[in-house]
Amino acid sequence: QVQLVESGGGLVQAGGSLTLSCAASGRTFSDYAMGWFRQAPGKERDFVAAIRRTIIGTIYADSVKGRFTISRDNAKNTVYLRMNNLKPEDTAVYYCAAADRLSRLGPDYHSWGQGTQVTVSS
């Protein structure tokens, strides 16, 4: 397993931007596909974006496509989520997670961070 720690959340006005970071430790970071998920109060955890281990390849939820960008720096053991044009409906706790393959499905991810809160005010 790999240990994951998210950072970068906060309060931002609608239309603003934030960049989340997720630092990994414990295993070889480049062995894993990485994903971001989010959970709003009273709702299920939803897929946001994911990126392949070392080959360029990303997938996004339709709700964030064109606004969010996932990237990774394997030398720094870190995955990022750049969020632009934020909307109030983006308010949630954001989690990063590690999987053995690129996936949109939560059960495919075996390691999770503790989450970071993103709040978008209207």
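**Group meeting: strands, a buried Asp and two odd loop residues**

Let's start with a pair of residues: Tyr-94 sits across from Thr-116 of strand S11. Before I go on, keep in mind that this is a predicted model. That pair belongs to the contact between S9, residues 92-99, and S11, where the two strands run antiparallel and are joined by 3 bridges.

S11 has another partner too. Strand S2, which covers residues 10-13, pairs with S11 over 4 bridges, and this time the sense is parallel. If you want a spot to click on, take Leu-11, whose bridge partner in S11 is Thr-119.

Now, while you have S11 on the screen, which of its side chains are buried? S11 spans residues 116-121, and its side chains alternate. Thr-116, Val-118 and Val-120 face one way and are buried, whereas Gln-117, Thr-119 and Ser-121 face the other way and are not. So going back to our two bridge pairs: Thr-116, the one opposite Tyr-94, is on the buried face, and Thr-119, the partner of Leu-11, is on the other face.

Okay, next sheet. Here we have 4 strands in an open arrangement, ordered S1-S3-S8-S7, with antiparallel pairing. Which strands stand at the edges? Those are S1, residues 3-7, and S7, residues 68-73; each has a single partner strand, so each has one side with no neighbour in the sheet. From one strand to the next, the twist averages 15 degrees. For S7, we can look at its pairing with S8, residues 78-83: that's antiparallel, over 6 bridges. One pair to look at there is Phe-68 with its bridge partner Met-83 in S8.

Between S7 and S8 there's a loop, and Asn-77 lies in it. As a reminder, most residues other than glycine have a negative phi. Asn-77 isn't a glycine, yet its phi is positive, about 55 degrees. Its relative accessible area is 28%, so we call Asn-77 partly exposed. Then there's Asn-85, in the loop between S8 and S9. Here phi is near 50 degrees, again a positive value in a residue other than glycine. Asn-85 comes out at 42% relative accessibility, which also counts as partly exposed.

Stay in that S8 to S9 loop, please, for the salt bridges. How many are there by our rule? The count is 4, and I'll show you three of them, including two made by Asp-90. With Arg-38, the side chain of Asp-90 meets at 2.9 Å, N to O. Those two come from distant parts of the chain: Asp-90 is in the loop between S8 and S9, Arg-38 is in strand S4, residues 33-39, and they are 52 residues apart.

With Arg-67, the closest N and O atoms of the Asp-90 salt bridge are 2.7 Å apart. Arg-67 is in the loop between S6, residues 58-60, and S7, so this pair ties together parts 23 residues apart in sequence. Put together, Arg-38, Arg-67 and Asp-90 make up a salt-bridge network.

Are these residues buried or exposed? Asp-90 has a relative accessible area of 0%, so it's buried. Arg-38 is buried as well, and so is Arg-67, at 10%.

For contrast, have a look at Asp-62. It forms a salt bridge with Lys-65, with the closest N and O atoms 3.3 Å apart. But Asp-62 has 66% relative accessibility, so this one counts as exposed.

That's my tour; happy to take questions.

Conventions:
Residues are numbered from 1 along each chain as its sequence is written. This is a predicted model: local features need pLDDT of at least 70, side-chain atom pairs count only at pLDDT 80 or more; totals for chains, interfaces and linings use all residues. Side-chain values use heavy atoms; hydrogens and water are left out. Two strands pair if DSSP finds at least two bridges between them. Axes are lines fitted to C-alpha atoms, for helices over the stretch in contact, and angles run from 0 to 180 degrees between N-to-C directions. Buried means under 20% relative accessible area, exposed over 50%, partly exposed in between (1.4 Å probe, protein chains only).
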